[in-house]
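Thanks for coming, everyone. I'll put the structure up on the screen and then talk you through it, strand by strand and link by link.

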Amino acid sequence: MRSMNLLPLGILLQLLTFFEAASFLGGSTSVLAARQQQCRLQPRGDQAILQPPINHGVTSTNPPTSPPTATSGGSSSSSKPTSGIISPSPTPFNYGTDKIRGVNLGGWLVLEPWITPSVFESTGNDNIIDEFTLGQLLDEETAMTILKNHWDTWITEDDFKAIKAAGLNHVRIPIGYWSVPLTSSDTSQSTSPSPYIPGAWTYLLRALTWARTHSLHVILDLHGAPGSQNGYDNSGQRTGNPVWGSTPDNIARTVDTVRYLAENLVASGDGADGVVGVVELLNEAAGFRGGDWASAVRGFWEDGYDAVRQGAGGGVKVMIGDAFLGVQSWTNFLTAPRAQGVMMDFHEYQIFSDLELDRSFDEHIDFACSYHSSLSSYASSNLWTVVGEWSNAVTDCARWLNGRGVGSRWDATWFPPQSRFHGSCANFTGSMDGFSADYKAFLRKYWEVQVEVGENVQGWVFWTWKAENADEWSYQKGLEGGWIPQDPTNRMYPNLCS
């Protein structure tokens, strides 16, 4: 075990802010009992190392108290696009009864370098590390050409057909705030998307049409907020200084954004009959950054819930996340009578720390099973719970998974000399042509155990549908390679957690 004085300053600061949040919530801080669930990013070389937060998952804590919140802008009826209204889906989904079985459309309307490295390589500029810097460092015409080609080709209607054919019933669609066409009549805050390049809205509307055509329900996921809600490139901006949670104007703009989404993209009347069955208020908000952030997240969940209800009525479900604080941190939060139709989004990854990477294949299976009863207990007495992100990966070897230009912990190329070598990345990632039969057999078993955990609550959504150079992360390639069954109810290894 490395002594604490060998940790770089950036990691120490992240650990200190996590412990501050945990203390503020009254929760346990046992590192040995912890696991890390945040998936992806690290900062550029001129920034402090961002260590993904430790999330206990099942700590017994109370949610933070709400901070004073900024006044949010008014209703957005005047700017409602006529093309945005989606007619009701033919078959309503019975949330809480039927299991959500879905897949994320990652890297499409919010770029992530590891999912589509070719997009970033096409810029010819190594300093372009996220969608923020793509808009900042390229001229608008060049950036729009790159983005439009990507939006047109990465996800098409054929993907929706294949997702339906795979027995799935939901797609989770990430969207950034900069792509939502707010006007001054929708918010009292800034409406500028700069430096982001807007244009994805049209493709979101197209995706909703495809979903309805192919009888797929949609979890509409606000994946990036102004100021960045976590500092990771999946928020749009990779930065060591995210400011969303400390800037009331940014929070207020985000509330107005989810209200706009509810008013314009959820069917009128009973939202459960619409193609958008769930509005997710915000992805992976960084409650671990300290007590002020944890309180800001809590206040935003409440205000965002109210905004969706104002914009779309009571039929559509509203999804929140655990903010890396563990689901039990949200005990008795947004439950009846204060709220109804709220769901918890729980993310489960086991690859972003040495502790997790040390696990054997069987230990990864056993650890996944540890959520079988704990999530079920929370869901039965608090909020319906969905495992909204998880994957088959057991290493962080996928190129640029930790950020463009950043290596992997697994092979000790992640900020050496702080990294510890676990093994070669060869044949753990990339093309499945290099995957051994034993590895593929494990991928099938690992897929099944995580599905079992999701099916023990209200469902699951795999991350992600496709990736250019990381087949272990791709549902599409898993189907092709045979470690994901065409029928998601098929089991080769039943009752793994029994």
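Let's start with strand β6, residues 342–348: 7 of its 7 residues are buried, so the strand is largely enclosed by the rest of the structure. Keep in mind that this is a predicted model. In a regular strand the side chains alternate between the two faces of the sheet. For β6, both of those faces are covered. One side has Val342, Met344, Phe346 and Glu348, the other has Met343, Asp345 and His347, and all of them are buried.

So which strands pair with β6? On one hand there's β5, residues 317–321, which runs parallel to β6 and is joined to it by 4 bridges. If you want a residue pair to look for, take Met319 and its bridge partner in β6, Met343. Then there's β7, which pairs with β6 over 6 bridges, again in the parallel sense. There you can look for Glu348, whose bridge partner in β7 is Trp390.

Now zoom in on one residue of β6, Asp345. How buried is Asp345? Its relative accessible area is 3%, and under 20% counts as buried, so Asp345 is in that class. Which side chains does Asp345 make polar contacts with? One is the side chain of Arg172, at 3.4 Å, and another is the side chain of His347, at 2.8 Å. Leaving out residues up to four places away in sequence, Asp345 also touches a whole list of others, including Glu280, Met319, Ile320 and Gly321, as well as Val386, Val387 and Gly388.

Just past the strand, have a look at Gln350, in the loop between β6 and α9, the helix at 354–357. Gln350 is buried too, with a relative accessible area of 1%. Its side chain makes a polar contact of 3.2 Å with the side chain of Glu348, which is one of the buried residues of β6. A further polar contact, also listed at 3.2 Å, goes from the Gln350 side chain to that of Tyr446. And here's a nice one for the viewer: Gln350 and Thr395 are 45 residues apart in sequence, yet their C-alpha atoms are 8.1 Å apart in space.

OK, on to the disulfides. How many disulfides does the structure hold? There are 2. For anyone who'd like the reminder, a disulfide is a covalent bond between the sulfur atoms of two cysteines.

The first one I'll show is Cys369 with Cys497, where the sulfur atoms are 2.1 Å apart. What does that link tie together? Cys369 sits in helix α10, residues 361–381, while Cys497 is in the segment after α12 (475–481), so the pair ties together parts that are 128 residues apart in sequence. The torsion about the S-S bond is -85°, and the link is left-handed. The two ends fall into separate burial classes: Cys369 is buried at 15% relative accessible area, whereas Cys497, at 21%, counts as partly exposed.

The other disulfide joins Cys397 to Cys425, with 2.1 Å from S to S. Both cysteines lie in the loop between β7 (384–390) and α11 (437–455), so this pair ties together parts that are 28 residues apart in sequence. The torsion about this S-S bond is about -75°, so this disulfide is left-handed as well. As for burial, Cys397 comes out buried at 7%, and Cys425 is buried at 13%. If you number the bonded cysteines in sequence order, the pairing reads 1-4, 2-3.

Let me pull back to the whole chain. There are 12 helices and 8 strands, and of the 498 residues, 63% count as buried. Take contacts between residues at least 6 apart in sequence: 79% of those join residues at least 24 apart. For a single helix to look at, try α7, residues 248–265. Its 18 residues reach 26 Å from first C-alpha to last, close to the 26 Å expected. Helix α7 is mostly covered, with 16 of its 18 residues buried.

Last thing, confidence. The chain averages a pLDDT of 86, and 81% of the residues score at least 70. Where does pLDDT drop below 50? One stretch is residues 54–58, which has 28 contacts in the model beyond near neighbours in sequence. Another is residues 60–88, under 50 throughout, with 87 contacts beyond four places in sequence.

Technical notes
Residues numbered from 1 in each chain as written. Predicted model: local features only at pLDDT ≥ 70, side-chain atom pairs only at ≥ 80, totals over all residues. Heavy atoms only, no water. Disulfide = S-S within 2.5 Å. Helix = DSSP H or I, 4+ residues; strand = E, 2+ residues; numbered from the N terminus. Buried < 20%, exposed > 50% of the residue type's maximum accessible area, 1.4 Å probe, protein only. Pairing = 2+ DSSP bridges. Polar contact = N/O pair within 3.5 Å; in protein donor to acceptor, adjacent residues only side chain to side chain. Contact = heavy atoms within 4.5 Å. pLDDT = per-residue confidence, 0-100. Expected span 1.5 Å × (residues − 1).
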